[in-house]
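Work through these exercises with the model open. Try each task before you read its solution.

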Amino acid sequence: MYAKMEDELSLSELAQSVGLSIAHLSEMFRKSMGETPHQFVLRLRVERAKEMLRSAESRVLDVAIACGFKTQQHFARVFRQLCGTSPTEYRIEFQGHVVPRAPETYFQESNCR
């Protein structure tokens, strides 16, 4: 999932790659991870986007595409749902901080700060 997060990840391909039915994969994934495979991928994409947004060189659209979102609007909507702020606002807030933050991991509760 990490290696292909910017690509289309179909549940049927994931299930086939681990030898499970779609329903069984979804159930086992949710029990194990506490979220659906789709939610997990979106969260991974947003975590990667946060890293990229900390760099002023990347445009928000470029970040969205690099993280597997088809449109900037979809990216902004998902980012706001998970982080409570827009990607642009996140970048501005992050650049305003003087104290560097410890690197975040993909498995932390996503609070986007």
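**Exercise 1.** Find what share of the chain counts as buried.

Solution. Buried means under 20% relative accessible area, with a 1.4 Å probe and protein chains only as cover. Of the 113 residues of the chain, 33% meet this test. This is a predicted model: local features need pLDDT of at least 70, side-chain atom pairs count only at pLDDT 80 or more, and totals for chains, interfaces and linings use all residues. Residues are numbered from 1 along each chain as its sequence is written, and side-chain values use heavy atoms, with hydrogens and water left out.

**Exercise 2.** Count the helices and strands.

Solution. Take DSSP runs, numbered from the N terminus: helices are H or I with at least four residues, strands are E with at least two. The chain has six helices and zero strands. Its pattern along the sequence is α-α-α-α-α-α.

**Exercise 3.** Check the span of helix α2.

Solution. The expected span is 1.5 Å times one less than the number of residues. Helix α2 covers residues 22-33, twelve residues. From first C-alpha to last it reaches 16 Å, close to the 16 Å expected. Just after α2, G34 has a positive phi of about 80°.

**Exercise 4.** Describe how α5 packs with α6.

Solution. Start with the angle between α5 (residues 72-83) and α6 (residues 87-96): about 60°. Their axes, lines fitted to C-alpha atoms over the stretch in contact, lie 9 Å apart. The pair is therefore oblique, as the angle is not under 35 degrees, over 145 or within 65 to 115. Next, list the contact (heavy atoms within 4.5 Å): F75, A76, F79 and R80 of α5 meet P87, E89 and Y90 of α6.

Technical notes:
Axes fitted to C-alpha atoms, helices over the stretch in contact; angles between N-to-C directions. Buried < 20%, exposed > 50% of the residue type's maximum accessible area, 1.4 Å probe, protein only.
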